[in-house]
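The following exercises are to be worked with the sequence and the structure in view. Each task is followed by a solution that proceeds step by step.

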Amino acid sequence: MKRAKNVILVAVLLFLSLLALASGFVLRGRTDIDVSRISVPGDTAEDGGGITLTGLP
Amino acid sequence: MTQRERTGRLTLCGLLAAIMLILGFVESLIPFNFGVPGIKLGLSNSVLIFAVYMLDIPTAFLLMAVKVTLSAMMFGAGLFSMPMWFALSGGVLSTAVMALLSRDRDLEPAVVSMAGGVGHNVGQVVMCMLTVTRVNMLFYMGILMFVGMLTGGLTGLIADRVLRHMRFVRR
């Protein structure tokens, strides 16, 4: 039971990641921002850093 | 809670906040380049998960807020800058997710940390999407969620090892 719960949670996280990736991939063609235009200036607070979009209108 | 216990708790919180700041700073000195910006190990998350399991939830939130604020002031773009708000939103979501999942004692700290890592990146990107009102950050969020799972699992393993040796610190 304990192991199953852990496996289920990891599977759910993996599924959500895939869902976001797939949704983003579908939507990407319709928009004008790509990942290369995102910059992270210096070290920012929490893990993952801060995201700043560059080149936006 | 006696005066002695309160002092001990305060000291521990101060130490944990300092460790989080130091880990965040040391991490910023390590040049990671995976082709996607914003990827970091998030070592300070291991301290946060320690706080979630060993202290209480409000303390964990407070530690996260202190870390984000001080880090933005000392090493980041400055107080109340956009990156600070992104980090704060990520931190709040991450801590909330970990606090919620840590109630289930069947879940391993490493798995809870994985969810926290994903939550952190989701919080940041959602804030970014709300700020710039674009939905196409979803692709970026998907990548970061994968990375968050990996780094969250790693920091969770570290926290798990520490927790095993620190059982004497009670809630």
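**Exercise 1: Confidence in chain A**

Among the elements of chain A, strand 2 (residues 52–53) has the lowest mean pLDDT, 51, and helix 1 (residues 2–28) has the highest, 86. Here pLDDT is the predictor's confidence in each residue, from 0 to 100, while helices (H or I, at least four residues) and strands (E, at least two) are DSSP runs, numbered from the N terminus. This is a predicted model, in which local features need pLDDT of at least 70 and side-chain atom pairs count only at pLDDT 80 or more, whereas totals for chains, interfaces and linings use all residues. Residues are numbered from 1 along each chain as its sequence is written, chains are lettered from A and ligands numbered from 1 in the order in which they are written, and side-chain values use heavy atoms, with hydrogens and water left out.

Task. Describe the make-up of chain A and the confidence assigned to chain A.

Solution.
- Step 1. Chain A contains one helix and two strands, arranged along the sequence in the pattern α-β-β.
- Step 2. The mean pLDDT of chain A is 68, and 47% of its residues reach 70 or more.
- Step 3. Over residues 42–49 of chain A, pLDDT stays under 50; for this stretch the model has 40 contacts (heavy atoms within 4.5 Å) beyond four places in sequence.
- Step 4. Chain A has 57 residues, of which 33% count as buried. Buried means under 20% relative accessible area, exposed over 50%, and partly exposed in between (1.4 Å probe, protein chains only).

**Exercise 2: An aromatic pair**

Task. Determine how the rings of Phe80(B) and Trp85(B) are arranged.

Solution.
- Step 1. A pair of aromatic rings is described by the distance of the centres and the angle of the planes.
- Step 2. Rings of Phe, Tyr and Trp (its six-membered ring) pair if their centres lie within 6.5 Å; planes under 30 degrees apart count as stacked, over 60 as edge-to-face and the rest as tilted.
- Step 3. Under this rule there are two aromatic pairs over all chains. For Phe80(B) and Trp85(B), the ring centres are 5.8 Å apart and the planes stand at 25 degrees, so the pair is stacked.
- Step 4. Phe80(B) is exposed, with a relative accessible area of 55%, whereas Trp85(B) is partly exposed at 31%.
- Step 5. Phe80(B) lies in the loop between helix 3 (57–74) and helix 4 (82–101) of chain B. Its phi is near 60 degrees, a positive value in a residue other than glycine.

**Exercise 3: Helix 5 of chain B**

Task. Compare the expected span of helix 5 of chain B with the distance between its end C-alpha atoms, then examine Ala110(B).

Solution.
- Step 1. The expected span of a helix is 1.5 Å times one less than its number of residues.
- Step 2. Helix 5 of chain B (residues 109–132) has 24 residues and should therefore span 34 Å; its end C-alpha atoms are 34 Å apart, which agrees.
- Step 3. In helix 5 of chain B, 19 of the 24 residues are buried, so the helix is largely enclosed by the rest of the structure.
- Step 4. Ala110(B) belongs to this helix and is buried at 15% relative accessible area.
- Step 5. Leaving aside neighbours within four places in sequence, Ala110(B) is in contact with Gly152(B), Gly153(B), Gly156(B) and Leu157(B).

**Exercise 4: Helix 2 and the nonpolar core**

Task. Which elements does helix 2 of chain B pack against, and which residues of the largest nonpolar core touch the most other members?

Solution.
- Step 1. Eleven of the eleven residues of helix 2 (residues 44–54) of chain B are buried, so this helix is largely enclosed by the rest of the structure.
- Step 2. Its buried residues pack against helix 1 (3–29), helix 3, helix 4, helix 5 and helix 6 (138–165) of chain B.
- Step 3. A nonpolar core is a set of buried Ala, Val, Leu, Ile, Met, Phe, Trp, Tyr and Cys residues joined through side-chain atoms within 4.5 Å.
- Step 4. The largest nonpolar core has 52 residues, of which Leu13(A), Leu16(B), Val112(B), Val125(B) and Met141(B) touch the most other members. Helix 6 of chain B supplies the largest share of this core, eleven residues.
- Step 5. Not counting residues up to four places away in sequence, Leu16(B) touches Val47(B), Phe50(B), Ala51(B), Leu55(B) and Leu63(B).
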